[in-house]
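Reader: Can you walk me through this one? I'm new to it.
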Amino acid sequence: MKKKQRHGWGAGDQPEQHYLVQPRTLAGGGDIRHVSEFLRASGWRDKSRTCGPLHMESPDRTLRVAYDPYVLPGGWTIHGRAEGPNGEWTVQLGMQTPVEIIAGLTDALTRPRAAHAPNVWAPLEEQEWDMRFEGASYMATSPDGTAWMQYHQSTDGSAMWWAGAKDKQGNGWAAHFTPNTPMHLVQAFSTELAGPEPVMRPRGHFPLSAQIRTWSVSVKPSQLSAWQQARITAARASTWARNSTKGSRPRATAPPYSPASGIRTRR
């Protein structure tokens with residue numbers, strides 16, 4: 001979170017053992033800097049206290065992203081507010097939610113909404129998730145049965161979304177979206193939830209589970225640093241482009257990681 005914590009990230013260049021983990025939904029939480037460094041590069045303020053929970057705030061102060069491992073059950077809270085009676089929304093996610101899935105949602109907070117209407121189910125359908133009604137809810141389950149996403153519409157018309165993953169040993173996490181959560185953010189989340197690509201974890205930083213597959217890979221710290229820097233550079237470039245576009249608009253009045261590339265697999 002702070003400079004002290006980032007110091008030495010990627011220092012030295014001796015190959016280290018990491019693992020590609022699949023499915024990504026059961027890979028464990030991962031490094032929260034995957035989320036926080038992208039937000040910082042996008043102009044967000046780091047409001048975290050020294051040695052305290054992560055707390056990031058958008059430039060206009062309408063969005064907050066927090067991660068607190070010091071309380072029970074702990075985990076992520078993403079909060080947004082806008083004008084009007086229905087402007088408040090919150091997403092809560094467990095500590096073991098993979099950061100790559102979290103980033104699907106938090107990265108989307110830094111970008112303008114797409115012009116097309118969001119479709120939360122489309123990414124799940126593309127990956128052949130099982131879709132079905134269960135009572136008053138609509139449910140999607142991953143092909144291996146370890147991850148799920150659920151929708152329920154209340155009698156007042158409000159829509160509730162839940163998601164999560166769990167293996168047979170009880171490892172897992174859950175996510176809850178309040179009714180006013182913007183649908184394009186829920187879709188950004190479901191896209192990463194359904195992503196088929198494995199994610200990378202250091203040795204000893206993923207759950208022991210009979211339902212995950214792992215591949216040992218040898219990775220240099222400089223490679224890890226370069227992949228993260230590419231992500232940060234992309235965030236800065238996108239932010240600069242948006243700000244430049246805003247500044248150049250005519251006025252109506254007079255002016256006042258694929259992480260898997262470049263790695264050596266150990267057999």
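Author: Here is a short tour of the sheet and some helices. Keep in mind that this is a predicted model.

Reader: Start with the sheet. What is the order of the ten strands?
Author: The order is 2-3-4-5-6-11-10-9-8-7. The sheet is open, and its pairing is antiparallel.

Reader: Which strands stand at the edges?
Author: Strand 2 (45-46) and strand 7 (130-134) do. Each has a single partner strand, so one side of each has no neighbour in the sheet.

Reader: How many bridges pair strand 4 and strand 5?
Author: Six, in the antiparallel sense. Strand 4 covers residues 63-68 and strand 5 covers residues 75-80.

Reader: Which residue in strand 5 does Tyr67 stand opposite?
Author: Tyr67 faces Trp76 there.

Reader: Now helices. Where does helix 2 lie?
Author: Helix 2 (residues 33-41) lies across strand 2, strand 3 (54-57), strand 4 and strand 5. Helix 2 runs at about 30° to strand 3.

Reader: At what angle do helix 3 and helix 5 pack?
Author: About 150°, with the axes 8 Å apart. Helix 3 is residues 99-109, and helix 5 is residues 183-193. That angle makes helix 3 roughly antiparallel to helix 5.

Reader: Left-handed or right-handed crossing?
Author: Helix 3 passes helix 5 in a right-handed crossing.

Reader: Which residues make the contact?
Author: From helix 3: Glu100, Ile101, Gly104, Leu105, Ala108 and Leu109. From helix 5: Leu185, Ala188, Phe189, Glu192 and Leu193.

Reader: And by class, what does the contact of helix 3 with helix 5 have?
Author: Eight nonpolar residues, one polar and two charged.

Note on methods:
Residues numbered from 1 in each chain as written. Predicted model: local features only at pLDDT ≥ 70, side-chain atom pairs only at ≥ 80, totals over all residues. Heavy atoms only, no water. Pairing = 2+ DSSP bridges. Helix = DSSP H or I, 4+ residues; strand = E, 2+ residues; numbered from the N terminus. Contact = heavy atoms within 4.5 Å. Axes fitted to C-alpha atoms, helices over the stretch in contact; angles between N-to-C directions. Parallel < 35°, antiparallel > 145°, perpendicular 65-115°, else oblique. Left-handed = near helix turned anticlockwise from the far one by under 90°. Nonpolar A, V, L, I, M, F, W, Y, C, P; charged D, E, K, R; others polar.
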